[in-house]
Structures are given as C-alpha cells and as structure tokens.
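Visitor: I should like to learn how the terms used for a protein model are justified. Please show me the model, and then let me ask about each term in turn.

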Amino acid sequence: MNDLGGSARRAHRRTRLAAGLAAVLTVTAGLGVRAVLGGDLAKYAGDALYTVLLHALLVLAAPRLRPARAAALAAGLSWAVELFQLTGLPDDWGRHSTLARLVLGSTFNPPDLLWYLVGAGCAGVLHRVLRTSRTAAPGAVPGKIS
C-alpha cells in the first residue's frame, strides 16, 4: 500500500527546507548587496530582495502555495507595506525600533513599487522552475509537467 500522506508530508518538509534556505540566502544577498554596492542600485536590489524574502517566507509557512500565487501575495504585501509608509507610522516606529525600520521601511518611494514586482517575478519564476524540476518524471521533458 502506498502511503500518500507520508509522501505529501515529506514533500512539504522538502519544500519548507528549500524555502528556509532561500530565506537565509536572500537575507545574505541583501546584506551583501548593501556592503558591496551603494546608491540606487543597492536600494532597488534591496527592494526586490525584500519581496523575494516575503515569497520564501510565504512558501515556508504554506508549502502548498503555487508559484504565481506566492509571487502575487509577496508583491501585494510589499505594496501594502510601501503604501502604509504614507501614514508616517513606519517612520515614527523605525526611530524607536531597528526591527520596525527593517521590516516596514520609513518613507514612501514610488519606484519601490516597480522593484517589488521585479522581485516577485524573479521569485515566482525560480519557484516554478524548482517545483517543475522536482515533479518531473525521469525522462520527462524539462519544464513540462506531465
């Protein structure tokens, strides 16, 4: 008898492990970008990586999320945080808390909205590629789910 429940649990565990690793690598990349680059390039790369991190955390919490849905949710959350900055509260809170400043930012910047979409798109594509390669049967055409 085939234990589909056990198989699904193992798949979710693998997905969570990959998402956790992706989150760690994304934070590392963000810190590296800030250390090596400067100016707008570092800022906008950081914006895109912020959304990539949200994507990874969403998949970590809900491993069944499909790539497009996870990307859309990550972009939506990023946009919500950016728009929340228009209230001035994140800036206030960030003056008293480093964590609040890191998570919520401080001031609204319209170009950030574009870079969140770039990050979501990259994360969604990578998620799709990894998911497709994991589910493809031996001998199957890469990128095509049977």
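**Helices H2 and H3**

Visitor: Which residues of H2 meet H3?

Guide: From H2 come Tyr50, Thr51, Leu54, His55, Leu58 and Val59. Their partners in H3 are Pro67, Ala70, Ala71, Leu73, Ala74, Ala75, Leu77, Ser78 and Val81. Contact here means heavy atoms within 4.5 Å. The model is a predicted one, in which local features need pLDDT of at least 70 and side-chain atom pairs count only at pLDDT 80 or more, while totals for chains, interfaces and linings use all residues. Residues are numbered from 1 along each chain as its sequence is written, and side-chain values use heavy atoms, with hydrogens and water left out.

Visitor: How many residues of each class does the contact of H2 with H3 have?

Guide: The contact of H2 with H3 has 12 nonpolar residues, three polar ones and no charged ones. In this scheme Ala, Val, Leu, Ile, Met, Phe, Trp, Tyr, Cys and Pro are nonpolar, Asp, Glu, Lys and Arg are charged, and the others, Gly among them, are polar.

Visitor: At what angle do H2 and H3 pack, and how far apart are their axes?

Guide: Helix H2 covers residues 39–61 and helix H3 covers residues 67–84; they pack at about 125°, with axes 8 Å apart. The axes are lines fitted to C-alpha atoms over the stretch in contact, and the angle, on a scale from 0 to 180 degrees, is taken between N-to-C directions.

Visitor: What makes H2 oblique to H3?

Guide: The angle of about 125° decides the matter. Under 35 degrees is roughly parallel, over 145 roughly antiparallel, 65 to 115 roughly perpendicular, and the rest oblique. The angle falls in the remaining class, and therefore H2 is oblique to H3.

**The helical fold**

Visitor: How many helices and strands does the protein have?

Guide: There are six helices and zero strands, and the order from the N terminus is α-α-α-α-α-α. Both kinds of element are DSSP runs numbered from the N terminus: H or I of at least four residues for a helix, E of at least two for a strand.

**Burial**

Visitor: Why is Thr26 called buried?

Guide: Thr26 belongs to helix H1, residues 4–36. Buried means under 20% relative accessible area, exposed over 50%, and partly exposed in between (1.4 Å probe, protein chains only). Thr26 has a value of 10%, and so it is buried. Leaving aside neighbours within four places in sequence, Thr26 is in contact with Leu49, Val52 and Leu53.

Visitor: Why does Ser78 count as buried?

Guide: Ser78 is at 0% relative accessibility, and therefore counts as buried. This residue of helix H3 touches Tyr50, Thr51, Leu54 and Tyr116, not counting residues up to four places away in sequence.

Visitor: How many residues does the protein have, and what percentage count as buried?

Guide: The protein has 146 residues, and 30% of them count as buried.

Visitor: Why does Arg134 count as partly exposed?

Guide: Arg134 is at 42% relative accessibility, between the two cut-offs, and therefore counts as partly exposed. Arg134 lies in helix H6, residues 110–135. Not counting residues up to four places away in sequence, Arg134 touches Arg14 and Thr15. The C-alpha atoms of Arg134 and Ala11 are 9.6 Å apart, although 123 residues separate the two along the chain.

**Salt bridges**

Visitor: How do you know that Lys43 and Asp47 meet in a salt bridge?

Guide: The side chains of Lys43 and Asp47 meet at 3.2 Å, N to O. A salt bridge requires a side-chain nitrogen of Lys or Arg within 4 Å of a carboxyl oxygen of Asp or Glu, and therefore this pair qualifies. Both residues lie in helix H2, four residues apart, about one turn of the helix. Lys43 is partly exposed at 23%, whereas Asp47 is buried at 9%. The two are linked with Asp112 in a network of salt bridges.

Visitor: What makes the meetings of Arg95 with Asp91 and with Asp92 salt bridges?

Guide: The N to O distance is 2.7 Å for Asp91 and Arg95, and 3.1 Å for Arg95 and Asp92. Both values are within the limit, and therefore both pairs are salt bridges. In helix H4, residues 89–96, Asp91 and Arg95 are four residues apart, about one helical turn. Arg95 is exposed, at 57%, while Asp91 is partly exposed at 24% and Asp92 is partly exposed at 37%.

Visitor: How many salt bridges does a search of the whole structure find?

Guide: The search finds four.
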